[in-house]
Protein chains: 2
Amino acid sequence: MVGIMKLSDSEWIVMGALWAHAPATARELLERIEAETDWAYMTVKTLLTRLQDKGAVSSERRGKTDWFRPIVSRDKATRTAFRAFIDRAFDGAVGGLLHHLAREEKLTKRDRELLRRTLRELVEEESR
Amino acid sequence: MVGIMKLSDSEWIVMGALWAHAPATARELLERIEAETDWAYMTVKTLLTRLQDKGAVSSERRGKTDWFRPIVSRDKATRTAFRAFIDRAFDGAVGGLLHHLAREEKLTKRDRELLRRTLRELVEEESR
DNA sequence: GACCATCTACTACAGTTGTAGTAGATGGTG
DNA sequence: CACCATCTACTACAACTGTAGTAGATGGTC
């Protein structure tokens, strides 16, 4: 049931707020994302319904209010999004992404440092 | 006009074939992607029209046939997709992606090959 | 126990995406 | 120059996305 969990952009925003702290009510989630979205309350509700339909969140009634919690983990969603991105833009090859990162993207000094470390770790791990 | 060029999954497939070699006719593009998509000719045509509408490809009539060529470069499209992905999944921080890469993703042989090259380049660049 | 603030349920509606069909134009070939 | 294979132009249509409105249920408060 929780197979390939593809989230739309708006759904990512809601999930982001929900991953931050759960369970949460729709109103709470709206408050958390108010700074970035300026949505109506009903927009959050609709997205939560859709997320529930696709099995990404669950809800539990307390009083007259639904409390939501994520079913899909952030990591899981990230991995799915990562795969989709890599598949379309780099034909599935993570190496292509690394290449792109190394030569195309403007990285901060810290990113560059981290990338170098990452690459080295990966290569070392490999040769072990 | 060629600002933020967002491509859908299907559009990426067509662009992939077009980036491989241009100019090309719709029929040629269909043949190139036949292995992976099993689309009807008209599907390719429709996608090409949409891509033209959004300024991603241009076309030129020769005889009764349109010849298409990319306006948006693969690099440009990749950067846009990269940004979109990073923004939603890692809140815009490339570091988050690197982290993810280092601990979550398994690399194929091909990935590792590319990676070694990339690493060499990075190191050389650094020592220059 | 009535009322109000607030919640859920149902509905809406335009834009994008995936995936094509059909009809009418037309260039090359005999 | 007629015909056919093939092209383009126009149209289609359901699913998914972004973004909500409205009406009716309901739990807490006086």
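A polar contact, as I shall use the term, is a pair of N or O atoms within 3.5 Å; within protein, one of them must be able to donate a hydrogen and the other to accept it. By that rule, 8 residue pairs are in polar contact across the interface of chain B and chain A, with both residues of each pair at pLDDT 80 or more. Please bear in mind that the structure shown above is a predicted model.

Let me stay with the side of chain B that touches chain A. The elements that give two or more residues to that side are α1 (9-20), α4 (74-90), α5 (94-104) and α6 (109-127) of chain B. Of these, α6(B) provides the largest share, namely 13 residues. By character, the residues on this side of chain B comprise 18 nonpolar, 6 polar and 17 charged.

I turn to the extent of the interface. The size of an interface is often given as the accessible area lost when the parts come together. Here, chain A and chain B bury about 4,000 Å² between them, and 61% of that area lies on carbon and sulfur atoms. The contact draws 42 residues from chain A and 41 residues from chain B. Between the two chains there are 4 salt bridges. One salt bridge joins A:Lys6 to B:Asp9, with 3.1 Å between the closest N and O atoms.

The second part of my presentation concerns DNA strand C. Which residues come nearest to this strand? Among the 21 residues around DNA strand C, they are A:Lys45, A:Lys64, A:Asp66, B:Ser8 and B:Thr46.

Both chains also supply elements to the surface near the strand. From chain A, α3 (41-53) and β2 (65-70) each supply at least two residues, as do α1 and α3 (41-53) from chain B. The most comes from α3(B), with 5 residues. The residues of this surface divide into 9 charged, 6 polar and 6 nonpolar.

Which parts of the strand lie within 4 Å of the protein? Of the atoms of DNA strand C at that range, 58% belong to sugar or phosphate, and the rest belong to bases.

Three phosphate approaches may be inspected in the structure. In the side chain of A:Arg27, an N or O atom is 2.7 Å from a phosphate oxygen of DNA strand C. For A:Asp66, a polar backbone atom is 2.7 Å from a phosphate oxygen of the strand. On chain B, an N or O atom in the side chain of B:Ser10 is 3.2 Å from a phosphate oxygen of DNA strand C.

Conventions. Residues are numbered from 1 along each chain as its sequence is written. Chains are lettered from A and ligands numbered from 1 in the order in which they are written. This is a predicted model: local features need pLDDT of at least 70, side-chain atom pairs count only at pLDDT 80 or more; totals for chains, interfaces and linings use all residues. Side-chain values use heavy atoms; hydrogens and water are left out. Contact means heavy atoms within 4.5 Å. Buried area is the accessible area (1.4 Å probe) that two parts lose on being put together, summed over both. A salt bridge is a side-chain nitrogen of Lys or Arg within 4 Å of a carboxyl oxygen of Asp or Glu. Helices (H or I, at least four residues) and strands (E, at least two) are DSSP runs, numbered from the N terminus. Ala, Val, Leu, Ile, Met, Phe, Trp, Tyr, Cys and Pro count as nonpolar, Asp, Glu, Lys and Arg as charged, and the others, Gly among them, as polar. A residue is near a molecule or strand if one of its heavy atoms lies within 4 Å of it.
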